[in-house]
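I opened this entry to record what I looked up in the structure, beginning with confidence and then turning to one strand.

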Amino acid sequence: LRRQRQMCIRDRYSTYLLCRNGASITRCSQPQVGLKAKSNSADKELLNKIRCNSGPSSTLWMLDARPKASAVANLVMDGGYETNYSRCKIRFCNIENIHVMRHSVKDLIQACNEYSAPFLSSISQSKWLDHIFAILTAAHKAAKLVLNGSSVMVPVSYTHLTLPTKR
């Protein structure tokens with residue numbers, strides 16, 4: 001674990017849940033691969049061990065919450081996403097970043113506090129239900145994969161959603 005820390009923004013693997021069928025859900029930080037596509041043999045070895053819990057021929061799924069464009073843009077800042085990992089597949093879940101979510105929930109709260117005739121239109125314009133749909137779709141995908149015996153890795157950033165205070 002110490003050797004693979006060199007590759008990550010923070011400690012790479014913080015949560016690990018093993019299911020009865022051998023599949024697991026692992027929460028981890030985003031890797032620091034950058035434009036040079038750096039890799040770390042200890043990181044690859046650990047991911048392979050996580051994948052093998054589901055069986056030697058299984059696939060480890062990376063469910064990256066971000067839109068792919070955001071992950072690619074992070075490469076410039078020495079971040080990025082998992083590439084060059086054997087028997088791993090990545091899926092981008094197209095969940096917007098924390099700033100977009102914070103703005104959306106602010107608009108939703110405002111619409112609820114100012115109930116008026118265009119209420120449903122205001123709710124729709126907040127895009128909050130679109131964000132909830134994207135989150136539930138990603139959660140459903142993760143659950144289906146695990147129930148079918150595939151392990152899932154969920155790279156996350158360490159920002160937290162802070163709801164706006166009522167004034």
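For residues 1-10, how many contacts beyond four places in sequence does the model have, and under what value does pLDDT stay there? I noted that this is a predicted model, and that over residues 1-10 pLDDT stays under 50, while the model has 29 contacts beyond four places in sequence for them. I then looked up residues 158-164, where pLDDT likewise stays under 50 and the model has 15 such contacts beyond four places in sequence.

Next I looked up confidence for the whole protein, which averages a pLDDT of 78, with 76% of the residues scoring at least 70. Among the elements, I found the lowest mean pLDDT, 63, in strand S1 (residues 13-18), and the highest, 94, in helix H5 (residues 128-147).

I then turned to strand S3 (residues 60-64) and asked whether its residues are buried or exposed. Five of the five are buried, so I recorded S3 as largely enclosed by the rest of the structure. In a regular strand the side chains alternate between the two faces of the sheet, so I checked each side of S3 separately. Leu-60, Met-62 and Asp-64 are buried on one side, and Trp-61 and Leu-63 are buried on the other, which leaves both faces of S3 covered.

Which strands pair with S3? I found that S4 (residues 88-92) pairs with S3 in the parallel sense over five bridges, and that Leu-63 has Arg-91 in S4 as its bridge partner. Strand S5 (residues 151-156) also pairs with S3 in the parallel sense, over three bridges, and there I noted Ser-151 as the bridge partner of Leu-60.

Conventions. Residues are numbered from 1 along each chain as its sequence is written. This is a predicted model: local features need pLDDT of at least 70, side-chain atom pairs count only at pLDDT 80 or more; totals for chains, interfaces and linings use all residues. Side-chain values use heavy atoms; hydrogens and water are left out. Buried means under 20% relative accessible area, exposed over 50%, partly exposed in between (1.4 Å probe, protein chains only). Helices (H or I, at least four residues) and strands (E, at least two) are DSSP runs, numbered from the N terminus. Two strands pair if DSSP finds at least two bridges between them. pLDDT is the predictor's confidence in each residue, from 0 to 100. Contact means heavy atoms within 4.5 Å.
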